[in-house]
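I opened my notebook to look up how the strands pair, what surrounds the ligand and how far to trust the model. My entries follow.

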Amino acid sequence: MLDKLYLRGFKSFAEPVTVDFSDSRITTIVGPNGSGKSNIVDAIRWVMGEQSPSALRGSRMSDVIFSGTDERQARSEAEVRIVLNNEFGRLDIDEDQVTLSRLVDQEGRSDYYINGEASRLRDFQELLDDTGLNQEPYSVVGQNRVEAILGSSPEKLRGMFEEAAGISRHRRRKEEAERR
Ligand code: ATP
Ligand code: MG
């Protein structure tokens with residue numbers, strides 16, 4: 001489902017890089033400690049709308065912006081783009097590929113784009129709802145997450161299964177309707 005990832009000024013990725021996942025079913029990222037493996041996972045989480053700086057191992061949202069090294073100047077913004085394969089129509093957009101992008105500035109303000117069109121965080125959430133990519137993405141299982149999932153409460157586990165089964169969208173709508 002994940003075809004490509006593009007990073008610019010995100011964490012340790014000062015210069016633009018594109019990672020192509022499309023040729024293989026399983027991609028392994030290897031590298032020495034501190035080389036940026038977890039930063040790639042953070043980027044995937046972030047571009048899908050993550051709002052918690054601590055989930056991204058920072059304290060403010062602007063911490064994801066490349067902060068400079070001895071040789072390289074700090075950046076003023078960060079951008080991540082993700083290209084999702086939509087041949088099977090899992091996303092409710094009539095395109096074979098869907099590009100989501102997110103930019104953040106030094107004030108921590110984010111801009112969101114779906115296939116190049118300015119969008120809201122809410123649009124991202126709606127689009128990713130029930131694809132298994134949204135909400136505490138268990139599709140992105142980081143270090144320690146496996147244990148956290150196994151140790152989850154029955155309610156939490158139920159939520160995960162509902163999301164995977166594609167019914168949490170309806171539940172969210174129902175809850176919204178009830179609040180009105
Ligand atoms: P490990 O094998 O130890 O888990 P890793 O490959 O997962 O390592 P990451 O955690 O992805 O490593 O990368 C950590 C590196 O990213 C550190 O060197 C850190 O300084 C750098 N880094 C994180 N945020 C920023 C930032 N905003 N600007 C510049 N560098 C950053
Ligand atoms: Mg790591």
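I looked up S3 and strand S4 (residues 97-105) and found them paired antiparallel over nine bridges. Strands here are DSSP runs (E, at least two residues), helices are runs of H or I (at least four residues), and both are numbered from the N terminus. Two strands pair if DSSP finds at least two bridges between them. In this pairing, Asn85 stands opposite Gln97 in S4.

I must note that this is a predicted model: local features need pLDDT of at least 70, side-chain atom pairs count only at pLDDT 80 or more, and totals for chains, interfaces and linings use all residues. Residues are numbered from 1 along each chain as its sequence is written, while chains are lettered from A and ligands numbered from 1 in the order in which they are written.

Next I checked the other partner of S3. Strand S1 (residues 2-8) runs antiparallel to S3, joined by six bridges. Leu5 stands opposite Ile82 in S3.

Is S3 (residues 77-85) largely enclosed or not, and why? Seven of its nine residues are buried, so the rest of the structure largely encloses S3. Buried means that 20 or more other C-beta atoms, placed from the backbone, lie within 10 Å of the residue's own; exposed means 12 or fewer, and partly exposed lies in between.

Last, I looked at confidence. pLDDT is the predictor's confidence in each residue, from 0 to 100. The chain has a mean of 88, and 90% of its residues reach 70 or more. Among the elements, helix H3 (residues 145-150) has the lowest mean, 73, and strand S5 (residues 110-114) the highest, 98.
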